[in-house]
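Welcome to my notebook. I kept the entries brief and explained each term where it first turned up.

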Amino acid sequence: MLEGLIKNYLISNAGVDPAKFDNPELQVSDLELDSLGLIEMLFEVEDQFGFQIVEPMRYLTLSFEEMVADIEAAVRDHDAGQSPTHDATKAND
Amino acid sequence: MNKVLITGLGVICPLGADKHSSFASALAARSSIGPAPADIASRLPHVLVAPAAVDPEALLDKKYSGLDRATQFALVAAHEAMTDAGITTPPTDATRFGVFVGIGFGGAQTVDGLYTRFFSLLHDPTQAHKNPAVMHPLSVPRMMANAAAATVSMRYGLQGQSSTYSIACASSAVAIGDAFRAIRHGYLDAAVVIGTEAMLTAGSLMAWNALRVMAKPDPADPARSCRPFALDRTGFVLGEGAAALVMESQARAAIRRPAVLAEMGGYGCSSDAEHLTAPSVVGQVSAMRQALAEAHLVPQQVQYLNAHGTATEAGDVIETQSIRTVFGRSADRLAVSSTKALHGHLIGAGGALEFVLSIMAMNSGSLPPTAHLEKPDPRCDLDFVPLQARHGCHVEAVMSNSFAFGGSNASLLARRHVP
């Protein structure tokens, strides 16, 4: 799952408190990433799926859930309708 | 004009992971030169390298793990020098504290990584769904030449001038010289100066190999392949690492009272304006004479000189002539050595590393040798401290030469500090 990949990255590389993800209303702005931090996070997905996500700065005003859904849609588009099947346990391979 | 003192030194290089182990290896003539790793040797079977004694990433906080290797080396060397100088938190006079960095090829590891990633994705059928043009978003800030200066400035909260010098083999010698001038003339009160280089990559070694200046492997012992001033020299070996110095004005030091390691004596720099790679006596002599004049020293007051000494024929012979021209009758009483036989040529980091080793030689009275100098070239007829270190020497002042491709020459002079 993409959500697992992104969470793993944020917790282990960007120092985000894991407890934040218990909040269903979590906003991307609550992650306290600056513009570089945001694109570094997106690279985890881009690297895995081999395409560049467009207009990343729009995520700064979305909820975490909305951002994940949007990225999933972008991956589906890129993979011609296939749902992302990334295994989060391999996120740090 | 302000007197400028050196109050901290740091090293990570092929000879060791800190200044003391590096200097000890230099005195013991322990060479760190060897064959290139398998991925490089598969294309360049004769290329030799002098890799750093430790991986800098292993010594750093995880937050620095993605940075270019040259920046990582810079952080390690700067940390030792700043700790040595007793500076662990952002200084209260941060706006008067600068960062000067010398580097020959900024971001070599990052650039090579981009190409490797691009071509491996391009040619891997199992990765055909991936666009090879998608790169890490921080590739640019990691590869920019001033990445090390930026990172060090942020790490220590240093808000004065931060400048990066890229003058090939003279990069960090010029960085030291210009930091010295900035403090001497009152633009800054302190600076950390770093020379760093990390270009033992396949791409850069292929390029260096094409220039025909690299040493051929010694058939009996690859570690002995770089032989400056010797008749059987075959060229130099690329090394990697960093060295750092903390400099401050005497007035600043008088308040802080750190241990003073040396006084910056003088600095000279010149350009040959002749040939892209061939050295010139006129340019080298000019740099050395400027350094002596600024220090108000006559040649016989300098007892040790760390030569540029790359083990190329033109380089060794011309430098010998230049030293003879500058030092005249006292040339025969001057101890000269090239430590590149042991740590290789660190290009942008070379000037700083060799100046640090020179200061340690002055303070310890032990002079590192020119290793592997069993068959001296008769055209190189100075006292090159062959084969073995010399101990118990009284040294008042030391000089270090760095002469770059492009015709840039720099000479640095340090002297004992008399409180």
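**Entry 1: a strand in the middle**

I began with strand E13 of chain B, where both faces are covered: B:Ser408, B:Ala410, B:Leu412 and B:Ala414 on one side, and B:Asn409, B:Ser411, B:Leu413 and B:Arg415 on the other, are all buried. For "buried" I used this rule: 20 or more other C-beta atoms lie within 10 Å of the residue's own, while 12 or fewer make it exposed, anything in between is partly exposed, and C-beta atoms are placed from the backbone. Strands (E, at least two residues) and helices (H or I, at least four) are DSSP runs, numbered from the N terminus. The strand covers residues 408–415, and 8 of its 8 residues are buried, so E13(B) is largely enclosed by the rest of the structure.

A note on what I am looking at: this is a predicted model, in which local features need pLDDT of at least 70 and side-chain atom pairs count only at pLDDT 80 or more, while totals for chains, interfaces and linings use all residues. Residues are numbered from 1 along each chain as its sequence is written, and chains are lettered from A and ligands numbered from 1 in the order in which they are written.

**Entry 2: the neighbours of E13(B)**

Next I asked which strands pair with E13(B). Two strands pair if DSSP finds at least two bridges between them. Strand E9 (residues 262–271) of chain B pairs with E13(B) in the antiparallel sense over 8 bridges, and there B:Ser271 stands opposite B:Ser408. Strand E12 (residues 397–403) of chain B is also antiparallel to E13(B), joined to it by 7 bridges. In that pair I found B:Ser400 opposite B:Leu412. The hairpin of E12(B) and E13(B) has 4 residues between the strands, and B:Gly406 takes a positive phi near 100 degrees in it.

**Entry 3: the sheets of chain B**

I then followed the strands outwards. They belong to an open sheet of 10 strands with mixed pairing, in the order E5-E4-E6-E8-E1-E9-E13-E12-E10-E11 (chain B). Its edge strands are E5 (162–165) and E11 (335–337) of chain B, each pairing on one side only. From one strand to the next, the twist averages 25 degrees. At one end, strand E10 (residues 304–306) of chain B pairs with E11(B) in the parallel sense over 3 bridges, with B:Val336 as the bridge partner of B:Leu305.

Helix H13 (residues 350–364) of chain B packs on this sheet, and its direction makes about 165 degrees with that of E12(B). Such angles run from 0 to 180 degrees between N-to-C directions, with axes as lines fitted to C-alpha atoms, for helices over the stretch in contact.

I also found an open sheet of 3 strands in the order E2-E3-E7 (chain B), again with mixed pairing. Strands E2 (34–35) and E7 (238–239) of chain B are at its edges with a single partner strand each, so one side of each is left without a neighbour in the sheet.

**Entry 4: helices and the core**

I checked the length of helix H4 (residues 108–122) of chain B. Its 15 residues should span 21 Å at 1.5 Å a residue, and its end C-alpha atoms are 21 Å apart, which agrees. The expected span is 1.5 Å times one less than the number of residues. Among its buried residues are B:Ala108 and B:Gly113.

Is B:Met154 buried or exposed? B:Met154, in helix H6 (residues 147–156) of chain B, is exposed, with 11 other C-beta atoms within 10 Å.

Then I looked for a nonpolar core, a set of buried Ala, Val, Leu, Ile, Met, Phe, Trp, Tyr and Cys residues joined through C-beta atoms within 7 Å. The largest has 137 residues, and B:Ala77, B:Ala191, B:Val193, B:Ile194 and B:Met247 touch the most other members. A second, separate core of 20 residues includes A:Ile6, A:Val16, A:Leu42 and A:Phe64.

**Entry 5: chain A and the interface**

Chain A has 3 helices and 0 strands. Of its 93 residues, 23% count as buried.

Last, how many residues of chain B are in contact with chain A? I found 7, facing 8 residues of chain A, where contact means that the C-beta atoms of two residues, placed from the backbone, lie within 7 Å. The chain B side divides into 3 nonpolar, 3 polar and 1 charged. Here Ala, Val, Leu, Ile, Met, Phe, Trp, Tyr, Cys and Pro count as nonpolar, Asp, Glu, Lys and Arg as charged, and the others, Gly among them, as polar.
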